[in-house]
Amino acid sequence: MTPEARLAAAIGILDRVLAGEPAEKVLTGWARSSRFAGSKDRAAIRDHVFDALRRRRSLAATGGALSGRGLILGLLRAAGTDPAAVFTGQGHAPAPLSAAEAAEGRPPRAGAEAADCPDWLWDLSGAAQDAAIRAAWEIQRDAAPAGIRVHLGRIPREALAARLEAQGIATRPDPRSPSALVAPGRPRGLVQTAEYHDGLFEMQDPGSQWVADQVPLEPGQSLLDYCAGGGGKVLAVAARVAGEFHAHDGLPRRMADLPARAARAGTPVALHQPGGRLPVCDTVLADVPCSGSGTWRRAPDAKWRLTPQDLEETIALQAQILDRAAQLVRPGGYLVQATCSLLRGENEDQAEAFLARHPDFAAQSACTRLPDALADGYFVSVFRRTA
Ligand SMILES: C[S@@+](CC[C@H](N)C(=O)[O-])C[C@H]1O[C@@H](n2cnc3c(N)ncnc32)[C@H](O)[C@@H]1O
């Protein structure tokens, strides 16, 4: 495909996403029905779509319309490319610009629009008063780097970095997690390397590893990951300390990949179905469903889809999950609340409300890591069961 044909494909996909279809689903469907597209075409189109969605609001201003064409027009203008050279209508290029399209468009307004944040989230997050939060919104306008979790039991971090470097894959260590490397520029060959196939590393965001680093567990103790999903965090803890590991998820199909991943890591993890009897453990991790507002670089359409009502319902569900998870902590053990959100209502406020409902738990620590050039954003709070 020509670069122009890729942009035309991205326009069609963006129109469907703007009409309400999930981006991943539309991209997968497009790839299946477009056998002429090679892997490089699919990757480039995916990048165009995600680049446009991360900056949807500012690009709609620059491009003059919230539509597939408007966003791609905005992307080209923002990159300093003359859109008329791309919108030629020749071959499979997008149709030529209308006079209105050529005339429309303006620079985004400073604040929420330029930071590509919905107004209500800008206000709720206190962005106007807090430069760190503004930076967190700003950084989520760009793609996230690829995160690597080094299996430290099998290879030191520096040694893996050197082996990847020898294959032309540059990485840098994340100072906030001892197992984390970051590969800027999202190199696509990482999972094709012998090191990946030999289980020397997993793909995992450094912020997610930072959460796992804070899960208190002594050798031989038991951990229940109550919202395990694909098991990224329970496997990261298991790589750090030998213990007894249990996984549960309200939507068990989310754990479909966990057995294979656990086998690859050489770590037994017992899977539990909802409604079944769960073990009381030394530590229970509640990595609760959340807005995802610290990870919107990876799922940018979610940023525009979230409503205040969704958020309210999610916060209520989180409280229920924490209450249930608390019952599974042995006296003297720990409950860990984790989110990939940068919103207080899901983080500090939720932790405070939990403590008010549970006088048998005491706050041990709480920390937010805002999204930055190395990692997505997360919040972790650790409670100790005192009675
Ligand atoms: C943030 S994700 C977990 C990510 C996972 N821990 C990891 O590191 O890969 C939240 C998970 O909570 C699950 N979930 C939703 N409602 C739940 C409930 N009521 N009880 C337990 N888990 C639930 C979701 O299916 C989802 O897999």
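Is Asp287 buried or exposed? Select Asp287 and take a look: with a relative accessible area of 17%, Asp287 is buried, because anything under 20% counts as such. Keep in mind as you click around that this is a predicted model.

**Stop 1: Asp287 and its surroundings**

You'll find Asp287 in strand 8, which covers residues 281–287. Now show the side chain of Lys233 as well: the side chains of Asp287 and Lys233 are joined by a polar contact of 2.7 Å. If you skip neighbours within four places in sequence, Asp287 is in contact with Cys227, Lys233, Ala338 and Thr339.

**Stop 2: Asp249**

Next, select Asp249. It sits in the loop that links strand 6 (244–248) to helix 13 (258–265). Asp249 is buried too, at a relative accessible area of 10%. Its side chain reaches the backbone nitrogen of Gly229 at 2.8 Å. Beyond the neighbours within four places in sequence, the residues in contact with Asp249 include Tyr226, Cys227, Ala228, Arg254 and His272.

What do Asp249 and Asp287 share in the UniProt record? The unreviewed entry annotates both as "binding site". The two span 39 residues in sequence, but their C-alpha atoms are no more than 10.1 Å apart, so they gather at one spot. Both Asp249 and Asp287 also belong to the lining of the largest pocket.

**Stop 3: strand 5**

Move on to strand 5, residues 222–225. In a regular strand, side chains alternate between the two faces of the sheet. Turn on the side chains here and you'll see Ser222 and Leu224 pointing one way, with Leu223 and Asp225 pointing the other way. All four of these residues are buried.

Which strands pair with strand 5? One is strand 6, which runs parallel to strand 5 and is joined to it by four bridges. To find one of the pairings, select Ser222, whose bridge partner in strand 6 is Glu244. Trace the chain from strand 5 through helix 12 (residues 232–240) to strand 6, and you follow a right-handed β-α-β crossover.

The other is strand 8, where you started: strand 5 and strand 8 pair in the parallel sense over three bridges. Here, select Asp225 and look for Leu285, its bridge partner in strand 8.

**Stop 4: helix 11**

Now pick helix 11, residues 206–213. How many of its eight residues are buried? Seven of them are, which leaves the helix mostly covered. The buried ones are Pro206, Gly207, Ser208, Gln209, Trp210, Val211 and Ala212. They pack against several elements, among them strand 1 (146–150), strand 3 (180–183), helix 12 and strand 9 (329–339). Zoom in on the start of helix 11, where a side-chain oxygen of Asp205 comes to within 2.7 Å of the backbone nitrogen of Gly207.

**Stop 5: the annotated domain**

Zoom out and select residues 136–387, which UniProt lists (unreviewed entry) as "domain: SAM-dependent MTase RsmB/NOP-type". Over this stretch, the chain is 31% helix and 25% strand. The C-alpha atoms at its two ends are 39 Å apart.

**Stop 6: Ser58**

For the last stop, go to Ser58 in helix 4 (residues 56–63). Ser58 counts as buried, at 2% relative accessibility. What is Ser58 in contact with, leaving aside neighbours within four places in sequence? Show Pro108, Glu113, Ala114, Asp116 and Arg141, and you have its contacts on screen.

Key: Residues numbered from 1 in each chain as written. Predicted model: local features only at pLDDT ≥ 70, side-chain atom pairs only at ≥ 80, totals over all residues. Heavy atoms only, no water. UniProt positions renumbered as here; feature names shortened; annotations may be inferred. 1 Å grid on protein atoms, 1.4 Å probe; cavity = no way out; pocket = protein on both sides within 12 Å on 5 of 7 lines; lining within 4 Å. Buried < 20%, exposed > 50% of the residue type's maximum accessible area, 1.4 Å probe, protein only. Contact = heavy atoms within 4.5 Å. Polar contact = N/O pair within 3.5 Å; in protein donor to acceptor, adjacent residues only side chain to side chain. Pairing = 2+ DSSP bridges. Right-handed = clockwise from strand over helix to strand, strands pointing away.
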